[in-house]
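Reader: I'm new to this one and a bit lost. Could you pick a single part, take me through it slowly, and then tell me how it sits in the rest?

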Amino acid sequence: DAVGSASPSGPRASCAVWIRMGRINEDAFADVERFVRWRVCMHEEAMNQFILHSSPDRIEHGYLVVFDCAGLGSKHLSHKSRECICSLSRIMQRYYP
């Protein structure tokens, strides 16, 4: 994951969190609970970086999440990976709206 600017600088500049889906190793999908905990930790770390490096105006305007799908393959579309993504999606929608 990476945190960076998604638009020109200034008080209304957007911050973006890139999630590089194609870089996720197939082994990461072996345990759904472990995968979700790992992804939530990564997301929280990105948010901490965003808060540390942003002005109050920028924080007020929020951030973008960019799913970089470059490099996605069949391993990312397996039954186990879909279970992981569905579980993560429920957590993110409920606790990180």
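Author: **A loop and its surroundings**

Let's start with L72, which you'll find in the loop that runs between β3 and α3. Before going further, keep in mind that this is a predicted model, so what follows describes a prediction.

How covered is L72? Its relative accessibility is 39%, so L72 counts as partly exposed; that label applies between the under 20% of a buried residue and the over 50% of an exposed one. Now look at what L72 touches. Set aside the neighbours within four places in sequence, and L72 is in contact with M21 and G22. Take M21: 51 residues separate M21 from L72 along the chain, yet their C-alpha atoms are 6.6 Å apart.

Step over to G71, which sits in the loop between β3 and α3 as well. With a relative accessibility of 60%, G71 is over the 50% cut-off and therefore counts as exposed. G71 touches G22 and H76, once neighbours within four places in sequence are left out. So G22 turns up in the contacts of L72 and in those of G71. From G71 to G22 the C-alpha distance is 4.2 Å, although the two positions lie 49 residues apart in sequence.

For another loop, try A28, placed between β2 (15-20) and α1. A28 has a relative accessible area of 24%, which means it is partly exposed. Not counting residues up to four places away in sequence, A28 touches F35 and W38. You can also check A28 against K80: these two are 52 residues apart along the chain, with 9.8 Å between their C-alpha atoms.

Now zoom out to the chain as a whole. The protein has three helices and three strands, and reading from the N terminus the order is β-β-α-α-β-α. Among contacts between residues at least 6 apart in sequence, 67% join residues at least 24 apart. The pairing of L72 with M21 is a contact across 51 residues. As for cover, buried residues account for 27% of the 97 residues. The accessible surface of the protein is about 6600 Å², with 55% of that belonging to carbon and sulfur atoms.

There is empty space to look at, too. Rolling a probe the size of a water molecule over the atoms shows where such space is left. The largest pocket has a volume of about 310 Å³. It is lined by 15 residues, and I19, V65, F67, L88 and M92 are the closest to its centre. Elements that give two or more residues to this lining are α1 (32-52), β3 (63-68) and α3 (79-95). The largest share, five residues, comes from α3. So β3 and α3, the two elements on either side of our starting loop, both help line the pocket. By type, the lining divides into 10 nonpolar residues, three polar and two charged.

How far should you trust the details? The mean pLDDT of the protein is 78, and 74% of its residues reach 70 or more. Among the elements, α3 has the highest mean pLDDT at 89, while strand β1 (residues 2-5) has the lowest at 52. Where pLDDT is low, the predicted coordinates should not be read in detail.

How values were computed. Residues are numbered from 1 along each chain as its sequence is written. This is a predicted model: local features need pLDDT of at least 70, side-chain atom pairs count only at pLDDT 80 or more; totals for chains, interfaces and linings use all residues. Side-chain values use heavy atoms; hydrogens and water are left out. On a 1 Å grid over the protein atoms alone, a cavity is a set of points where a 1.4 Å probe fits but cannot get out, and a pocket is an open set with protein on both sides within 12 Å along at least five of seven lines; lining residues have an atom within 4 Å of a point. Grid points are joined across faces, edges and corners, and a volume is the space filled by probe spheres set on the points. Helices (H or I, at least four residues) and strands (E, at least two) are DSSP runs, numbered from the N terminus. Ala, Val, Leu, Ile, Met, Phe, Trp, Tyr, Cys and Pro count as nonpolar, Asp, Glu, Lys and Arg as charged, and the others, Gly among them, as polar. Buried means under 20% relative accessible area, exposed over 50%, partly exposed in between (1.4 Å probe, protein chains only). Contact means heavy atoms within 4.5 Å. Accessible areas come from the Shrake-Rupley method with a 1.4 Å probe; for residues, only the protein chains shown count as cover. pLDDT is the predictor's confidence in each residue, from 0 to 100.
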